[in-house]
Each structure stands twice: as structure tokens, then as C-alpha cells.
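Visitor: Please take a close look at a single part of this model, and then connect it with what surrounds it. A formal account with the cut-offs stated would suit me.

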Amino acid sequence: MLRIAIQAKGRLNEECLALLADAGIVMSGGNRKLIAHAKGFPMDVLYLRDDDIPQAVAMGVADIGIVGLNEVAEKGEDVDVAMKLGFGACRISLAVPRDADYNGLEWFNNRRIATSYPRILRRFIDENNIKAEIHEIAGSVEVAPAVGMADAIFDIVSSGGTLIQNGLVEVEQVFASEAVLVANKNLDEEKLGEIDKLKFRFSSILDSRGMKYVLMNIPQDRIAAAVALLPGMKSPTLMPLSEEGWYSMHVVIPQDELWEKIEKLKGLGAEDILVLALENIIR
Ligand code: PRT
Ligand code: ZN
């Protein structure tokens with residue numbers, strides 16, 4: 001039976017639970033316990049701090065885990081990154097005070113940079129031959145320049161609001177992160193098979209997120225033009241209507257292209273367009 005480590009509370013917890021629930025996996029007892037047994041998949045769930053997940057997986061305390069790629073890179077534990085999960089997106093960036101005379105990476109020479117990600121920062125400044133001083137601090141990195149603890153920071157950014165509030169500007173995006181599924185490197189065939197099943201469920205959910213199922217009625221002589229508008233899944237499904245010369249066409253369209261495509265389809269003569277939510281795409 002697999003054991004998965006997920007964040008007990010914090011930014012990744014809810015989306016982890018939502019992904020597992022969409023995959024038909026639910027836990028009893030909430031996250032107040034350290035470990036819970038899952039229903040819907042032979043699996044135990046271990047609730048940990050995100051910082052501890054890479055090590056727990058590397059040591060085999062958990063077989064797999066869901067954690068930010070930033071933590072995997074920072075901890076340097078030897079785990080397999082099995083799959084990107086499409087949530088928890090952020091970047092780790094260098095930021096300097098708004099009024100700094102920033103003129104490129106050389107600016108950081110002989111400056112002090114505060115961060116909770118010293119390992120990723122060390123690699124970046126060494127690769128770029130920058131001689132900066134790294135100050136490791138555990139939290140509230142963004143206030144370090146204002147209180148005189150550092151000249152710049154290297155921290156997680158998502159909307160950028162925290163930087164603005166603290167009078168900082170992002171000058172170099174160094175590391176792109178999102179939540180990933182990590183796996184221990186020495187698992188037996190049986191566990192690897194179970195992980196494949198889990199990955200299959202996850203990818204069918206991720207593929208369907210942001211997609212809509214669209215049905216419309218369309219004159220036969222417009223079908224070719226409509227198909228040309230809709231690249232993506234093989235060819236659309238077509239069913240003849242009882243009215244001569246008309247078809248019902250079924251397609252899957254990414255949410256962010258939906259209205260643009262619908263306007264064009266209407267322009268081509270499509271009618272009675274239905275847009276439905278899509279739960280899973282099983283390939
Ligand atoms: O208790 P535990 O140790 O488990 O949690 P934690 O407090 O260490 O981590 P948590 O829950 O804050 O974040 C977990 C993971 O979420 C991170 O490791 C990232 O992979 C991911 N993530 C995504 C983020 C953000 N977005 C994010 N915006 N983690 C932190 N932030 C913080 C950032 O540190 C900064 O203070 O949000 C602020 C910046 O946000 P913006 O939107 O103002 O730019
Ligand atoms: Zn943490």
C-alpha cells in the first residue's frame with residue numbers, strides 16, 4: 001500500500017485535497033491526525049510540513065509526496081519528480097529596493113541578499129560569478145531591506161503584491177515552481193504500478209481542467225470551416241439531425257479560447273450552442 005505525504009496546512013493543502021478528491025480519493029478524520037487512511041485508493045496519507053516532505057520521501061517514510069518544486073530544489077534530497085501538478089505556481093526572484101540604481105546582475109556584487117532559499121540562490125550566483133553575501137532567514141524575508149538586514153532579497157513571488165507593499169521591485173526571475181508529485185527512488189514493482197494508476201487519474205483530471213464540452217447545431221456545408229477553427233482533439237464528433245443538411249457537432253474547447261471560438265462558430269452559422277463542464281479526459 002502506498003503512503004503519500006502532503007502538506008498538513010498551508011497554501012498547497014487545499015488544492016492537494018481537491019486533486020485527490022477529484023481522483024476519487026478521500027480521507028477520514030481531516031488533517032488533525034498525522035496519518036489517515038484513504039478511501040478510494042489503497043493509500044495512507046501522511047500530513048507534514050512542506051519543508052519535511054522531500055526528506056520523508058527520500059528516506060522512504062513516505063513513498064510519494066506532493067510539494068512545491070522550490071522545496072525539492074532547495075532541500076537537494078534525492079527524489080524523482082514524477083509529475084507536475086499545475087497548481088501552486090510561483091517563482092523565486094531577486095528583488096531590490098525601488099530606489100536602487102539596479103543595472104544588471106553585477107549590482108549584487110558585495111551586497112547582502114536575504115533569503116529562505118540559500119541553496120538555490122548559491123547555485124545561481126555562483127553560475128553567474130556574482131560575489132554576494134547570502135543571509136539565510138526563516139520568514140518575513142521581504143522586510144529585511146527596510147530594517148537594514150540586507151540590500152536585496154531572494155524570495156517567492158506570485159502576484160507580486162508583497163514586493164510592492166514593501167517597496168521592492170523584482171529584477172531577476174530565477175526559479176519557476178509549481179506543486180509536483182515526487183517519488184522515492186527505490187520502490188518495488190507493485191508500488192510503481194500503483195503510482196502509475198495514480199498518475200493516470202491525476203493527468204486525466206489535469207487535462208480536463210480549463211476545458212469545456214461544447215455542442216452545437218451546424219449546417220453540413222459549414223462543417224469543414226468549423227473543424228478548421230478547432231484544432232485539438234482528433235476530429236469532432238458529428239451526428240446527423242432529423243432535419244436534412246444539419247448536424248450536431250461535439251467538441252472540447254479550452255476555457256480561455258471559448259468565447260472567441262463561439263463567436264466564430266456563430267459567424268459560420270452554428271446555432272443552439274451548449275457549453276458543458278468537463279470532468280475527466282481519459283486518454
Ligand atoms: O507550514 P509549512 O512549512 O508546511 O508551510 P510554509 O509556510 O512553509 O509554506 P506555504 O504554505 O506558505 O507555501 C507552500 C508552497 O506554496 C511554497 O513552497 C510554494 O511552492 C507555494 N507557493 C505558491 C507560495 C506562494 N505561491 C506564495 N505566494 N509560497 C509562498 N508564497 C508567499 C511568499 O513567500 C511571499 O511572502 O506569498 C508571498 C508573495 O506572494 P505575492 O502574491 O504577494 O507575490
Ligand atoms: Zn514550510
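**A close look at one loop residue and its helix**

Guide: Asn-129 has a relative accessibility of 61% and therefore counts as exposed (exposed means over 50% relative accessible area, buried under 20%, and partly exposed in between, with a 1.4 Å probe and protein chains only). The model is a predicted one, in which local features need pLDDT of at least 70, side-chain atom pairs count only at pLDDT 80 or more, and totals for chains, interfaces and linings use all residues. Residues are numbered from 1 along each chain as its sequence is written, chains are lettered from A and ligands numbered from 1 in the order in which they are written, and side-chain values use heavy atoms, with hydrogens and water left out.

Asn-129 sits in the loop between α4 and β9 (helices are DSSP runs of H or I with at least four residues, strands are runs of E with at least two, and both are numbered from the N terminus). The phi of Asn-129 is near 55°, which is positive although the residue is not a glycine. This residue follows α4, so the helix itself deserves attention next.

Helix α4 spans residues 118-127, and its buried residues are Pro-118, Ile-120, Leu-121, Phe-124 and Ile-125. Viewed down the axis of α4, these buried residues fall within an arc of 160°, so they line one face of the helix (the arc is that of the directions from the helix axis to the C-beta atoms). The cover over that buried set includes α3, β7 (90-97), β8 (112-115), β9 (133-136), β10 and β11 (168-177), where contact means heavy atoms within 4.5 Å. Asp-126 belongs to α4, and with a relative accessible area of 41% Asp-126 is partly exposed. From Asp-126 to Glu-178 the C-alpha atoms are 24 Å apart in space, and the two residues are 52 apart in sequence.

Beyond β9 comes the loop that leads to β10, where Ser-140 is found. Ser-140 has a positive phi of about 50° without being a glycine, and its relative accessible area of 47% makes Ser-140 partly exposed. Met-149 lies in the loop between β9 and β10 and, at 40% relative accessibility, counts as partly exposed. Residues up to four places away in sequence aside, Met-149 touches Arg-112, His-135, Ile-137 and Ala-144. The C-alpha atoms of Met-149 and Ile-113 are separated by 8.7 Å, with their positions 36 residues apart along the chain.

For the wider setting, the domain assignment divides the protein chain into domain 1 (2-88 + 178-207), domain 2 (90-177) and domain 3 (211-277); such bounds come from an automatic or database assignment. The C-alpha centres of domain 1 and domain 3 lie 38 Å apart.

Two of the elements that cover α4, namely α3 and β10, take part in the lining of the largest pocket: α3 (69-75), β10 (152-157) and α5 (161-165) each supply at least two residues to it. A pocket here is an open set of points on a 1 Å grid over the protein atoms alone, reached by a 1.4 Å probe, with protein on both sides within 12 Å along at least five of seven lines, and lining residues have an atom within 4 Å of a point. The largest pocket has a volume of about 1100 Å³, a volume being the space filled by probe spheres set on grid points that are joined across faces, edges and corners. Its lining comprises 41 residues, of which Arg-11, Asp-50, Asn-70, Tyr-117 and Ile-156 are the closest to the centre. By class, the lining divides into 15 nonpolar, 13 polar and 13 charged residues (Ala, Val, Leu, Ile, Met, Phe, Trp, Tyr, Cys and Pro are nonpolar, Asp, Glu, Lys and Arg charged, and the others, Gly among them, polar). Domain 1 and domain 2 each contribute at least three residues to this lining.

Helix α1 (residues 13-22) offers a parallel case for study. Its buried residues are Asn-13, Cys-16, Leu-19 and Leu-20. Seen down the axis of α1, they fall within an arc of 130°, so they line one face of the helix. The elements covering them include β1 (2-7), β2 (26-27), β4 (43-48), β5 (64-68) and α6. Gly-24, which follows α1, has a positive phi near 80°.
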